[in-house]
Amino acid sequence: KLFVGRLPRQVSQREIRECFEEFGEVLEVFVIDSQAVSNVGCAFVRMAKLDQARNAVEDLHEQRVLVPALRELGPMQVAFAKGEAVRVGLTEREEALPTFKEAQRKVAEHQERRKLFLAVQREQRHARKKMKAD
């Protein structure tokens with residue numbers, strides 16, 4: 001069982017399932033109905049096999065944004081649910097997520113990288129237009 005955090009509230013169970021199915025069979029997706037002011041939610045995803053769950057954690061944690069229009073929230077967090085890593089013979093470290101301050105810093109870094117990326121894209125488009133005009 002995996003914990004998935006920093007999800008936009010608007011994300012659907014289907015979107016989460018499709019994302020995790022890239023790594024193998026998804027047995028269950030449970031979205032937590034949160035009334036948090038932060039506008040982010042969380043979910044639990046149960047994968048059929050341990051290696052599939054591990055691959056999902058490695059490839060998705062702090063890497064993917066499920067709803068591109070809400071990318072300012074930052075990429076989702078994925079880790080083994082509390083107690084789950086030890087239950088299946090892994091270390092507790094594999095279920096650790098960053099502290100709130102670390103998570104906020106990651107979101108800020110993500111937003112800065114996104115701004116830089118968009119600025120570079122604009123500059124490249126401008127340069128291509130200028131080359132065509134000359």
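**Notebook: fold, sheet and helix α2**

Entry 1, overall fold. I counted the secondary structure of the protein as four helices and four strands. The model I worked from is predicted. Reading along the sequence, I noted the pattern β-α-β-β-α-β-α-α. I then looked up burial and found that buried residues account for 33% of the 134 residues. For contacts between residues at least 6 apart in sequence, I recorded that 60% join residues at least 24 apart. The accessible surface came to about 8900 Å², and carbon and sulfur atoms hold 51% of that surface.

Entry 2, the sheet. I traced an open sheet of four strands in the order β2-β3-β1-β4, with antiparallel pairing. Strands β2 and β4 are the edges, since each pairs on one side only. On average, neighbouring strands of this sheet are turned by 20° against each other, direction ignored. I next examined β1 and β3, which pair in the antiparallel sense over five bridges. In β3, G41 is the residue that L7 stands opposite.

Entry 3, helices on the sheet. I followed α1 and found that this helix lies across β1, β2, β3 and β4. The direction of α1 runs at about 140° to β2. Helix α2 also packs on the sheet, where α2 touches β1, β3 and β4. I noted about 150° between the direction of α2 and that of β4.

Entry 4, the buried face of α2. Which residues of helix α2 are buried? Within this helix, residues 50–60, I listed Q52, A53, A56, V57 and L60 as buried. Viewed down the axis of α2, these buried residues fall within an arc of 140°, so they line one face of the helix. I then asked what they pack against. The partners are β1 (2–8), α1 (13–21), β3 (40–47) and β4 (77–80). Just after α2, I noted that E62 takes a positive phi of about 60°.

Entry 5, residue E28. I located E28 in strand β2, residues 26–32. Is E28 buried, partly exposed or exposed? I recorded E28 as partly exposed, because its relative accessible area is 39%, and the partly exposed class lies between 20% and 50%. Leaving aside neighbours within four places in sequence, I found E28 in contact with R17, F44, V45 and R46. For the pair E28 and R46, 18 residues apart along the chain, I noted a C-alpha separation of 5.0 Å.

Definitions and conventions: Residues numbered from 1 in each chain as written. Predicted model: local features only at pLDDT ≥ 70, side-chain atom pairs only at ≥ 80, totals over all residues. Heavy atoms only, no water. Buried < 20%, exposed > 50% of the residue type's maximum accessible area, 1.4 Å probe, protein only. Arc of directions from axis to C-beta. Contact = heavy atoms within 4.5 Å. Areas by Shrake-Rupley, 256 points an atom, 1.4 Å probe, with all protein chains shown as cover. Pairing = 2+ DSSP bridges. Axes fitted to C-alpha atoms, helices over the stretch in contact; angles between N-to-C directions.
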